[in-house]
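Work through the exercises below with the sequence and the model open. Each task is followed by a solution in steps.

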Amino acid sequence: MTRRDSVRLVAGSTLLAGCTIPHHAPTAAELSGAMPMIDAPIVLATWNHGKPATERALAELAAGHSALDAAERGVMVVESECPDRSVGLQGWPDRDGIVTLDAAIMDDTGRSGAVACVRGVAHPIALARRVMDRTPHALLVGPGAEAFARSEGLHTGARPLDPEQERAWREWLRERQYSPRANSENHDTIGMVVRDAKGRMAASCTTSGLAWKMHGRVGDSPLVGAGLYVDPKAGAAVCTGLGEVVMRKLTSCIAVERLRSGASPAEACRDALHRLVEAGPLAANVQVGLIVLAKDGTHAAGALQPGFTYALGTAAGVTLHEAPAVA
Ligand code: SD4
């Protein structure tokens, strides 16, 4: 995608055809994130694949579904199809040739659900939602999460690597080098923040994690406060990038806490990312992207390095943008 493409406005007419979102088309100031969009639905999602996910989330909102439903169903689009191989069962495997998935969902009532290191589940975000809705727990992992998936009819069964996964894994095995790089193709979690027309907010994350990770490795995506966070008094945030950095600094929680103390989304984004920069070697030469949505609909995105794209969905349609880098 060229930079020009990245800021091209995608016509909203197809997306919203037949749907009723009874709000004015956002002004340029509202779209920039600086002006509040009171009572208007808004969705932000990470990376280029955030666009189809955002389109789906907006369609869910237009059909009258909640922010929580939109956050779940939006990211399912990428779980089903992810050419980047960073989400869902088509994701790159770990170093033992096994695909393990992490996902989490949270709403603004303080409820959350998550799963980590699960195999054989096509829609880990739906499983995370069931953990939230149908268990007294917040996080299920590994075989326990898979057993729960079976009982919920969400386990799709063991499946061998597809030819492309097999080829890439075998190629990696030749060198067995594992050194995460900024903006490498294996940092592409789909994360989403949503505010519906009633002002309800939700966030979701789903990923196959880092390619060629150690078996059992879990990143930030299923961890509340790290990969995602929602506070009804402030707003919501989602992170993508190197989980080992984010989970040690609770980047999403820091961003939302800054909103709570009165910072704008742009300030909250910058401050949370600066905490990573302050960490020195831990965050040197790695990528972390952050999207922040305040309760009033103002929003911002930022990243440690250039190249982090995100989708913005409003009543006017879905646009792709590149976030400013702080490093
Ligand atoms: C992880 N944060 O497992 C995820 C990976 C990611 O964009 O976000 N990639 O560390």
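**Exercise 1. The ends of a helix**

Task: Find the residue that follows α8 and state the sign of its phi. Then find which side-chain oxygen reaches a backbone nitrogen at the start of α8.

Solution. The model is a predicted one. Step 1: R176 comes after α8, and its phi is positive, near 55°. Step 2: at the other end, a side-chain oxygen of D162 comes to within 3.1 Å of the backbone nitrogen of E164. Step 3: between these ends, α8 covers residues 163-175, 13 residues in total. From first C-alpha to last, α8 reaches 19 Å, close to the 18 Å expected at 1.5 Å a residue.

**Exercise 2. The faces of α8**

Task: List the buried residues of α8 and explain why they line one face of the helix.

Solution. Step 1: apply the cut-off for buried, under 20% relative accessible area. Q165, A168, W169, W172 and L173 are the buried residues of α8. Step 2: recall that an α-helix has 3.6 residues a turn, so residues three or four places apart point the same way. Step 3: viewed down the axis of α8, the buried residues fall within an arc of 145°, so they line one face. Step 4: the face turned away from the buried side carries the exposed residues P163 and R174.

**Exercise 3. A covered helix and the core**

Task: Determine how many residues of α6 are buried and which elements they pack against.

Solution. Step 1: α6 spans residues 124-134, and eight of its 11 residues are buried. Those eight are P124, I125, A126, L127, A128, R129, V131 and M132. Step 2: they pack against α5, β3, β4, β5, α7 and β7. Step 3: look at V115, whose contacts include P124, L127, A128 and V131, as well as L101, L139 and P222. Step 4: V115 and L127 are among the residues with the most contacts inside the largest nonpolar core, which has 49 residues. Helix α5 (residues 67-80) gives the most to this core, with seven residues. Apart from this core lies another, of 48 residues, including I254, A268, A283 and V286.

**Exercise 4. A glycine in a loop**

Task: Place G33 in the chain, decide whether it is buried or exposed, and name the residues it touches that are over four places away in sequence.

Solution. Step 1: G33 sits in the loop between α3 (28-31) and β2 (42-46). Step 2: its relative accessible area is 5%, so G33 is buried. Step 3: G33 touches T298 and H299, leaving aside residues up to four places away in sequence. Step 4: G33 and V292 are 259 residues apart in sequence, yet 9.9 Å apart from C-alpha to C-alpha.

Methods: Residues are numbered from 1 along each chain as its sequence is written. This is a predicted model: local features need pLDDT of at least 70, side-chain atom pairs count only at pLDDT 80 or more; totals for chains, interfaces and linings use all residues. Side-chain values use heavy atoms; hydrogens and water are left out. A nonpolar core is a set of buried Ala, Val, Leu, Ile, Met, Phe, Trp, Tyr and Cys residues joined through side-chain atoms within 4.5 Å. Buried means under 20% relative accessible area, exposed over 50%, partly exposed in between (1.4 Å probe, protein chains only). Helices (H or I, at least four residues) and strands (E, at least two) are DSSP runs, numbered from the N terminus. Contact means heavy atoms within 4.5 Å. The expected span of a helix is 1.5 Å times one less than its number of residues. The arc is that of the directions from the helix axis to the C-beta atoms. A polar contact is a pair of N or O atoms within 3.5 Å; within protein, one must be able to donate a hydrogen and the other to accept it, and residues adjacent in sequence count only if both atoms are side-chain atoms.
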